[in-house]
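Student: I should like to examine how the ligand is held in this structure. Could we work through it by question and answer?

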Amino acid sequence: MTRRRVAILISGRGSNMVSLIEAARAPDFPAEIALVLSNRPDAAGLELAKAAGIATLAIDHKAFPDRESFDRALDAALTSHDIAFICLAGFMRVLTDGFVERWSGKMINIHPSLLPLYRGTKTHRRALADGVLVHGCTVHFVVPELDAGPIIAQAAVPVLPDDTADTLTARILRQEHRLYPTVVRWFAEGRLSVAGSRAAVAGVPQGATLLFSPDP
Ligand code: GRF
């Protein structure tokens, strides 16, 4: 089995990155985590990746005069590591349209809401303030518009009456850590496709890509 070479881009703690590294340890996992890259040299996730024996790279965005030159450095690093596709996992930099188009169909992101609800940041606080009863997370293809790409899979959780942003965050993170490896497996198996604004997973009926997942 040729394992697809994946890069994970992070900016912080890297818990989704860890879930992908752990999933990729399985001998039958069709992807290998070939590189973890951060735009912040102090990202805690970099140390976790190093400890797991993964190649890491920090490219500090502050060292570049503009987004274009940072994205060119990012692209050069990914190309030199022979990366087939990119997983954004808490990567807190807006990417240029040129970079996104260059990696079109080969870059996915995990977002902590049931898109298209709650694009952007502070999703859990906003969901609680709105009094929604269901919330969750989404894995989607990345397009130039922020958090707007074709949805591949979602996991939903209940919002409980005594939830705080912290308890809701924790409940959703548990689902993120299940959902992201599932989608990366599909991706590496070549089962994901995109037509216009719709993503499809070969062998998984459209309705089943919304995963209502009870806590494990
Ligand atoms: C997650 O909530 C993810 O959905 C969002 O950023 C957060 C990253 O957390 N994109 P971690 O660094 O993976 O722990």
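Student: How far is an oxygen atom of the ligand from a polar backbone atom of Asn16?

Tutor: The model is predicted, and the distances are computed from it. A polar contact requires a pair of N or O atoms within 3.5 Å. For an oxygen atom of the ligand and a polar backbone atom of Asn16, the distance is 2.8 Å.

Student: Which residue has a polar backbone atom 2.8 Å from a nitrogen atom of the ligand?

Tutor: Backbone atoms also approach the ligand elsewhere: a polar one of Gly14 is 2.9 Å from a ligand oxygen. For the ligand nitrogen, the backbone partner at 2.8 Å belongs to Ile110.

Student: What percentage of the ligand's exposed area does the protein bury?

Tutor: The surrounding residues include Arg13, Ser15, Gly90, His111, Pro112 and Glu176. The ligand taken alone exposes 360 Å². Of that area, the protein buries 86%.

Student: Which elements give two or more residues to the shell around the ligand?

Tutor: The ligand takes up the space of the largest pocket. Its shell divides into five polar, two charged and two nonpolar residues. The elements giving two or more residues to that shell are α1 (15-23) and β5 (107-111).

Student: How many residues apart are Arg5 and Glu32, the pair that links distant parts of the chain?

Tutor: The count of salt bridges comes to nine. In one salt bridge, the side chains of Arg5 and Glu32 meet at 3.8 Å, N to O. Arg5 lies in strand β1 (residues 4-10) and Glu32 in strand β2 (residues 31-38), and the two are 27 residues apart.

Key: Residues numbered from 1 in each chain as written. Predicted model: local features only at pLDDT ≥ 70, side-chain atom pairs only at ≥ 80, totals over all residues. Heavy atoms only, no water. Near = heavy atom within 4 Å. Polar contact = N/O pair within 3.5 Å; in protein donor to acceptor, adjacent residues only side chain to side chain. Areas by Shrake-Rupley, 256 points an atom, 1.4 Å probe, with all protein chains shown as cover. 1 Å grid on protein atoms, 1.4 Å probe; cavity = no way out; pocket = protein on both sides within 12 Å on 5 of 7 lines; lining within 4 Å. Sits in = over half its atoms within 2 Å of the grid points. Helix = DSSP H or I, 4+ residues; strand = E, 2+ residues; numbered from the N terminus. Nonpolar A, V, L, I, M, F, W, Y, C, P; charged D, E, K, R; others polar. Salt bridge = Lys/Arg side-chain N within 4 Å of Asp/Glu carboxyl O.
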